[in-house]
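Please look through the structure shown below, and keep the sequence at hand while you read the paragraphs that follow it.

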Amino acid sequence: MASLTFSLHRQQWRALWQLTKPRVVLLIVFCAVIGMLLAVPGQPDVGRMLAATVGIALVAGAAAMINCLVERTIDARMHRTAWRATARGDVSPAATLLVALSALGLGMALLIGLVNALTAWLTLATFAGYAIVYTLLLKPNTPQNIVIGGASGAMPPLLGWVAMTGEVSAMAMLLFLIIYTWTPPHFWALALYRRDDYQRAGLPMLPVTHGARFTTLSIVLYTVLLLAVTLLPVALRASGALYLLAALLLGARFLWLAACLHRNYADELARRCFRWSIHYLSWLFAALLLDHYLFIALRF
Ligand code: HEM
Ligand SMILES: CC(C)=CCC/C(C)=C/CC/C(C)=C/COP(=O)(O)OP(=O)(O)O
């Protein structure tokens, strides 16, 4: 086992790092950290926060590696993913599995030992939800794959919250709901301009099974739902005016792009919509945090 790990060259380690989908995991960790900071009114326990952040990042990276391992044949058929080391055969399935399981084990050990058991089990369930339920069962079988599987991707802020408090609160579930309703517009925008890839790979993504018009309409409807859901923290008096302004402005731009896409479809517009989905979520979560600190500063 050790000889296999140490016999990997530097280039293979770099390739394995890419399999962890680092930019996706970065945003996942960002949302988890904001969940942690929102959960505590004052100074957070920095040691616990660090352990939770590294633990969640390791398990998320491991989930992404398993996804690449399971999908290596499919990935080889798609332009977007054909470069992956698992698809090209640059790293062996055994090495990928070993590194992924090591990251999973290390992440779980950190969460169990230095955070709390509930966070550890919820993170493990999230891992299984993405690496097994979404990747093996949902993705190849139903166009609703990301609507159901999106529950895994939506977990990070809730995991962050539970890491600091040991319990699931209404606000933690609201943060989950925000990412859950954000996932369909995020993914379907990409699936639209990558539909030829998905068709070639034989994956039943919504633009392949139901066409562009139905998909753009679905994006508009989910974006309306998302805008409504993002107003709930204000309705529940958990967030204030700064967040409200950000949610309205960011949501209005998302909805505008979605409506343009539905009115007059173009691949370039779908690409812009996808890119905006990532900026949108980053700024929305940043606004939640700024608003939280502004509230604390004004109270004292
Ligand atoms: C089941 C849920 C999700 C699906 C199916 C999905 C799908 C995808 C796909 C296929 C890409 C690759 C785009 C490319 O490289 O061409 C992507 C990119 C990305 N996704 Fe998601 N995503 C999901 C959830 C999430 C979540 C929860 C986050 C973060 C909170 C996220 C953040 C990102 C980011 C930051 C990128 C850009 C990566 C880059 O530029 O390399 N995604 N997503
Ligand atoms: C423990 C924890 C927090 C886990 C998080 C799980 C996780 C990594 C969720 C992100 C979802 C994601 C990268 C989807 C990509 O879709 P895809 O797999 O269909 O994309 P692909 O075609 O690029 O492989």
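The second largest pocket of this predicted model holds about 360 Å³ of space. Its lining is made up of 19 residues, and those closest to the centre of the pocket are Ala238, Ser239, Asp291, His292 and Phe295. If you ask which helix supplies the largest share of this lining, the answer is α16, with eight residues. Helix α15, which covers residues 241–263, also belongs to the picture, since α15 and α16 each supply at least two residues of the lining. Sorted by the character of their side chains, the lining residues of the second largest pocket fall into 13 nonpolar, three polar and three charged.

From the pocket we can turn to ligand 1, which has 18 residues around it, and among these Arg23, Arg80, Ile146, Gly153 and His186 come nearest. Four helices give two or more residues to this shell, namely α3 (22–39), α9 (145–153), α11 (170–193) and α16 (267–299). Helix α16 is therefore a name to remember, as it appears both in this list and in the lining of the second largest pocket, where a residue counts as lining if it has an atom within 4 Å of a point of the pocket. Which helix gives the most to the shell around ligand 1? That helix is α11, with five residues. The shell around ligand 1 as a whole consists of twelve nonpolar, four polar and two charged residues.

Two of the nearest residues deserve a slower look, and the one to begin with is Arg23, where an N or O atom of the side chain is 3.0 Å from an oxygen atom of ligand 1. The other is His186, which is found in helix α11 and has a polar side-chain atom lying 3.1 Å from a nitrogen atom of ligand 1. Ligand 1 also contains an iron atom, and the only protein donor of that iron atom is His186, through its atom NE2 at 2.2 Å. This distance lets NE2 count as a donor, because donors are N, O and S atoms within 2.8 Å of the metal.

A last stop is Ile56, a residue of helix α4, which runs over residues 46–70. Is Ile56 buried or exposed? Its relative accessible area is 3%, and Ile56 is therefore buried, because that word is used for values under 20%. Along the chain, Ile56 and Val25 are 31 residues apart, while their C-alpha atoms are separated by 9.2 Å.

Terms used
Residues numbered from 1 in each chain as written. Chains lettered and ligands numbered in written order. Predicted model: local features only at pLDDT ≥ 70, side-chain atom pairs only at ≥ 80, totals over all residues. Heavy atoms only, no water. Near = heavy atom within 4 Å. Polar contact = N/O pair within 3.5 Å; in protein donor to acceptor, adjacent residues only side chain to side chain. Nonpolar A, V, L, I, M, F, W, Y, C, P; charged D, E, K, R; others polar. Donors = N, O, S within 2.8 Å, 3.2 Å for Na, K, Ca; no water. 1 Å grid on protein atoms, 1.4 Å probe; cavity = no way out; pocket = protein on both sides within 12 Å on 5 of 7 lines; lining within 4 Å. Points joined across faces, edges and corners; volume = space filled by probe spheres on them. Buried < 20%, exposed > 50% of the residue type's maximum accessible area, 1.4 Å probe, protein only.
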